[in-house]
Amino acid sequence: MAPDEEVVRSRSNPLFKRLRALKGRAAGLEGGMCLLEGPKLVAEALAAGVTIAEAAVNRRVVERPAGATVLSELRARGVPVRQMDDRLLAALSDAETSQGLVALAHRPDSEEARLFDETPLILVAVGIQNPGNLGGLLRTAEAAGATGACLLEGCADPFSWKALRGSMGSAFRIPLVRGDRVGPALDRLEERGLRVLATSARGETRYDEAELAKPVALVFGTEGSGIVEEVARRAAARLRIPLAHPVESLNVGVAAGLVLFEAARQRGFTAAGRAR
């Protein structure tokens, strides 16, 4: 970065305003954009083929190897990069300490066809409103070899700042379909030959005794309210996770991890993350 490059110092600067506008809860939904923070997340986005529109950095980022590498890659791709005052970057961050790099990126397109690649293992989330929990679910799903995720009505935005931090890049890589109502989504999954299985504290089948090696869609709801009535009624089976008394339920991320990795085990999961 050239020493004489002009530093953005004013909150009225157009770049700061564009970045700031994306920090809101529903920001970017209409414009198809999202906000990324930190060299690692920007690097994950670039590696996944996400298009970066523009970025802002401070000088400290350039002095670190990871930051310098990402900055070089951004410039190589022709992405405009501006130096910004530390206080402005801190105002853009939800973290206690700014990572010194923010970028404006185009949201990946939905890839419904890829959900059904190979033997489908699809995460279906209903009403997961906490963006950090949702991001963690996507990260777990990718780690377990899921072919994709359906994020139905009531779910947080997977490309919001907190959700992206939770998914650590998984939201860019795993095929996503979002916003559907429960009924039509279940219709399409069943039409594709998937068994719809739901977790429930009162489920009739232990999760580790269910057949998960065949095409399945695993539905998870919130810890408080559980799965919605329509899912409970239409599910081919309801899976329970045995719990020691007096615990009645698990965090949705823990429950999803247990069931998804049981599916991975049944499918011949290896250390390389592929079926044998």
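The following paragraphs describe a sheet in this predicted model and two helices that pack on it.

The sheet is open and consists of seven strands, arranged in the order E8-E7-E6-E11-E9-E12-E10 with parallel pairing. Strand E8 (176-178) and strand E10 (205-206) each have a single partner strand and stand at the edges, so one side of each lacks a neighbour in the sheet. In general, the strands of a sheet pair through backbone hydrogen bonds, and the pairing may be parallel or antiparallel. At one edge of this sheet, E10 is joined to strand E12 (residues 237-240) by two bridges in the parallel sense. Thr205 has Leu239 of E12 as its bridge partner.

Two helices are next to be placed against these strands. Helix H6 packs on the sheet and touches strand E6 (121-125), strand E7 (148-151) and E8. The direction of H6 makes about 170° with that of E6. Helix H11 also packs on the sheet, where it touches E6, strand E9 (195-199), strand E11 (216-220) and E12. The direction of H11 makes about 165° with that of E11.

How, then, do the axes of H6 and H11 cross? The axes of H6 (residues 131-143) and H11 (residues 252-266) come within 10 Å and cross at roughly 10°. Angles under 35 degrees count as roughly parallel, and H6 is therefore roughly parallel to H11. On the H6 side, the contact is made by Leu137, Thr140, Ala141 and Ala143; on the H11 side, by Val252, Gly253, Ala256, Gly257, Leu260 and Phe261. Of the residues in this contact, seven are nonpolar, three are polar and none is charged.

Terms used
Residues numbered from 1 in each chain as written. Predicted model: local features only at pLDDT ≥ 70, side-chain atom pairs only at ≥ 80, totals over all residues. Heavy atoms only, no water. Axes fitted to C-alpha atoms, helices over the stretch in contact; angles between N-to-C directions. Helix = DSSP H or I, 4+ residues; strand = E, 2+ residues; numbered from the N terminus. Parallel < 35°, antiparallel > 145°, perpendicular 65-115°, else oblique. Contact = heavy atoms within 4.5 Å. Nonpolar A, V, L, I, M, F, W, Y, C, P; charged D, E, K, R; others polar. Pairing = 2+ DSSP bridges.
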